[in-house]
Amino acid sequence: VGASAKTGAVHFLVLIAALCDYSDVKTAERGATTQIVNMTEEIGTPVSDDTVRRILSQIPDALVSRKK
């Protein structure tokens, strides 16, 4: 994966973190995965628990990499 793709992925993770924060979804706490899975189902584009969990696990590193 090239540097540009990694930067894009980090930006998406930061955006997800911001939207979760705004929606009062605590990404590091129990229940966040279920909340997000339910949200994706509500808009008709379901995402699996495992996928959401994998994405949420990447958020802390993405935030650290963007904070200067």
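## A buried threonine

Threonine 33 is buried: its relative accessible area is 13%, and the cut-off for buried is under 20%. This value, like every other one here, comes from a predicted model. Threonine 33 sits in helix H2.

What does threonine 33 touch, not counting residues up to four places away in sequence? The answer is Asp49, Val52, Arg53 and Leu56. Helix H3 covers 49-66. Two of these partners, Val52 and Leu56, are themselves buried in H3.

## The nonpolar core

The largest nonpolar core has eleven residues. Among them are Leu13, Ala17, Cys20, Val25, Ala32 and Ile36. Val37, Val52, Leu56, Ile59 and Ala62 also belong to this core. Which elements give two or more residues to it? They are helix H1 (3-22), helix H2 (32-42) and helix H3 (49-66). H3 provides the largest share, four residues.

Alanine 32 is one of the core residues. Leave aside its neighbours within four places in sequence, and alanine 32 is in contact with Val25, Lys26, Thr27 and Leu56. Val25 and Leu56 are core residues too.

## Helix H3

Now follow H3 itself. Its buried residues are Val52, Leu56, Ile59 and Ala62. They pack against H1 and H2.

How far apart are the end C-alpha atoms of H3? They are 26 Å apart. The helix has 18 residues, and at 1.5 Å a residue it should span 26 Å, so the two values agree. H3 also has a kink of about 30°. The kink lies at isoleucine 59, shortly before proline 60.

## Isoleucine 16 and isoleucine 59

Isoleucine 16 lies in helix H1. Is it buried or partly exposed? Isoleucine 16 is partly exposed, because its relative accessible area is 30%, and partly exposed runs between 20% and 50%.

Isoleucine 16 and isoleucine 59 are 43 residues apart in sequence. In space, their C-alpha atoms are 8.1 Å apart. Isoleucine 16 is in contact with Ile55 and Ile59, leaving aside its neighbours within four places in sequence. Ile59 thus turns up again: it is buried in H3, and the kink lies there.

## An unusual loop residue

Aspartate 24 is found in the loop between H1 and H2. Its phi is positive, about 60°, although aspartate 24 is not a glycine. Why is that worth a remark? Most residues other than glycine have a negative phi.

Note on methods
Residues are numbered from 1 along each chain as its sequence is written. This is a predicted model: local features need pLDDT of at least 70, side-chain atom pairs count only at pLDDT 80 or more; totals for chains, interfaces and linings use all residues. Side-chain values use heavy atoms; hydrogens and water are left out. A nonpolar core is a set of buried Ala, Val, Leu, Ile, Met, Phe, Trp, Tyr and Cys residues joined through side-chain atoms within 4.5 Å. Buried means under 20% relative accessible area, exposed over 50%, partly exposed in between (1.4 Å probe, protein chains only). Contact means heavy atoms within 4.5 Å. The expected span of a helix is 1.5 Å times one less than its number of residues. The bend at a residue is the angle between axes fitted to the seven residues ending there and the seven starting there.
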